[in-house]
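Biologist: Please put the model up. Then take my questions one at a time.

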Amino acid sequence: MEEEQLLNIARNTAIPGDLKEIARKVTGGGRISQEEGIALFNHGGMGFLGLLADHVRVKKNADKAYYIRNFHIEPTNICVNKCRFCSYSHHFSATKWELTMDEIIGKVRNEVAGVSELHITGAVHPDRDIRYYGDLIARIRDERPALHVKAYSAVELDYMIRKSGMTIGEGLGYLKSCGLGSIPGGGAEIFDESVRSEICGMKTSSETWIEIHETAHKLGIPSNATMLYGHLETYAHRIDHLERLRQLQDRTGGFNAFIPLKFHNDNNAMSAVPEVSVVEDMKMYAVARIYLDNFPHLKAYWPAVGRKLAQVSLSFGVDDLDGTINDSTRIYSLAGARDQNPVMTVSEMVAMITESKRRPVERDSFYNDLNGLIEEIPLLTIPER
Ligand code: V47
Ligand code: SF4
């Protein structure tokens with residue numbers, strides 16, 4: 001933060017003294033405590049939080065705002081779990097699907113052109129085991145050797161690994177040998193055990209989610225982390241969640257991005273819970289950026305938050321807008337998110353970013369800058385068959 005802005009904060013009588021102290025700490029490179037994190041949520045105004053989060057963002061990512069050309073495949077919505085916030089699984093959705101391996105490979109062969117990453121996630125199918133999922137990755141990699149496969153949330157991994165009788169390390173090692181490149185952040189919901197048991201009691205425990213990501217990082221598999229916010233949790237629960245992630249990142253350094261996911265209330269067992277305001281969304285991004293001082297990136301997942309708010313979030317600490325996605329995910333359209341049809345062209349993404357006075361950077365899955373290099377990605381052309 002510019003010294004002048006800091007002085008303005010120091011002089012501003014509307015900003016409580018404890019927040020001024022937090023601003024001094026953050027701009028001095030210090031780490032805030034859980035109490036300070038809760039105070040930011042309780043007392044921080046939009047202007048103050050935006051300024052402070054922006055300071056952290058600039059230090060980490062300068063003027064860059066990242067995006068990736070990606071594509072999602074959701075193999076099934078048939079699920080052994082019954083999370084109460086979920087509108088996607090066959091328990092609540094009017095549709096039920098289960099793609100065969102050949103259908104998935106067909107999608108990869110015919111639809112995935114000009115992208116560098118494939119994101120695979122879905123429900124926890126009762127019958128599919130780790131050999132199935134390993135074969136799937138291996139076949140995808142045979143089809144498209146240059147495609148990075150980011151696959152299976154810790155919830156799917158937990159089930160398939162337990163079903164196989166392997167340890168977490170053995171299971172992840174096996175999937176890595178099949179070509180798994182990284183792990184998406186799904187399933188973290190909220191770590192606090194009492195809220196977790198109310199909203200998704202059957203799901204992978206917080207402890208196991210953390211163990212899976214920690215083991216992955218130790219095996220050289222990077223991952224993301226998510227948090228579902230805006231339901232039954234308190235600010236203290238959100239900060240507890242961020243604290244557990246910050247500690248894990250201190251141990252491994254394996255997380256790329258943190259992705260706050262706003263709870264949407266259409267078509268699920270928690271429809272009576274109102275959705276939180278836009279102010280709350282921006283506060284969530286800003287506090288996450290300030291608290292997670294060891295996470296390189298903060299992502300706004302635009303199909304979940306809507307493209308307009310995703311653009312605004314760039315002023316609240318966000319440096320990553322996920323990707324073009326190509327209409328290939330149903331998780332949020334089924335839960336009532338604003339963007340019912342998630343398609344974004346590269347030029348729309350670039351326009352969104354430049355209008356916000358950021359430099360658009362097309363990235364690969366490891367945040368390497370692909371600007372100007374995209375022609376070198378072999379995926380751009382589909383080979384003749
Ligand atoms: O874990 C499900 C969330 C997640 C609802 O790693 C809901 O790059 C809001 O994790 N309202 C899966 N959220 C998606 C996910 C993800 C998405 C994009 C990028 C990445 C990444 C990861 O979706 C679930 C859950 O938290 N979710 N239902 C709902 N009604
Ligand atoms: Fe299944 Fe995931 Fe929905 Fe939970 S959130 S019911 S694990 S698909």
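Modeller: One term before we start: a polar contact is a pair of N or O atoms within 3.5 Å. This is a predicted model, where local features need pLDDT of at least 70, side-chain atom pairs count only at pLDDT 80 or more, and totals for chains, interfaces and linings use all residues. Residues are numbered from 1 along each chain as written, chains are lettered from A and ligands numbered from 1 in written order, and side-chain values use heavy atoms, without hydrogens and water.

Biologist: Which residue places a backbone N or O atom 2.8 Å from an oxygen atom of ligand 1?

Modeller: Phe85 puts a polar backbone atom 2.8 Å from ligand 1, but the partner there is a nitrogen atom. For the oxygen atom, the backbone contact comes from Gly187.

Biologist: How much of the accessible area of ligand 1 does the protein cover?

Modeller: A polar side-chain atom of Glu189 lies 2.5 Å from an oxygen atom of ligand 1. On its own, ligand 1 has 620 Å² of accessible area (Shrake-Rupley, 1.4 Å probe). The protein covers 95%.

Biologist: How many charged residues are in the shell around ligand 1?

Modeller: The shell takes residues with a heavy atom within 4 Å. Strand 5 (223–229) and strand 6 (255–262) each supply at least two of them. The nonpolar residues number ten and the polar ones nine, while the charged ones number five.

Biologist: How are helix 2 and helix 4 oriented to each other?

Modeller: Helix 2 (residues 17–27) and helix 4 (residues 46–61) have axes 11 Å apart and an angle of about 10 degrees. Angles under 35 degrees count as roughly parallel. Therefore, helix 2 and helix 4 are roughly parallel.

Terms used
Axes fitted to C-alpha atoms, helices over the stretch in contact; angles between N-to-C directions. Helix = DSSP H or I, 4+ residues; strand = E, 2+ residues; numbered from the N terminus. Parallel < 35°, antiparallel > 145°, perpendicular 65-115°, else oblique. Polar contact = N/O pair within 3.5 Å; in protein donor to acceptor, adjacent residues only side chain to side chain. Nonpolar A, V, L, I, M, F, W, Y, C, P; charged D, E, K, R; others polar.
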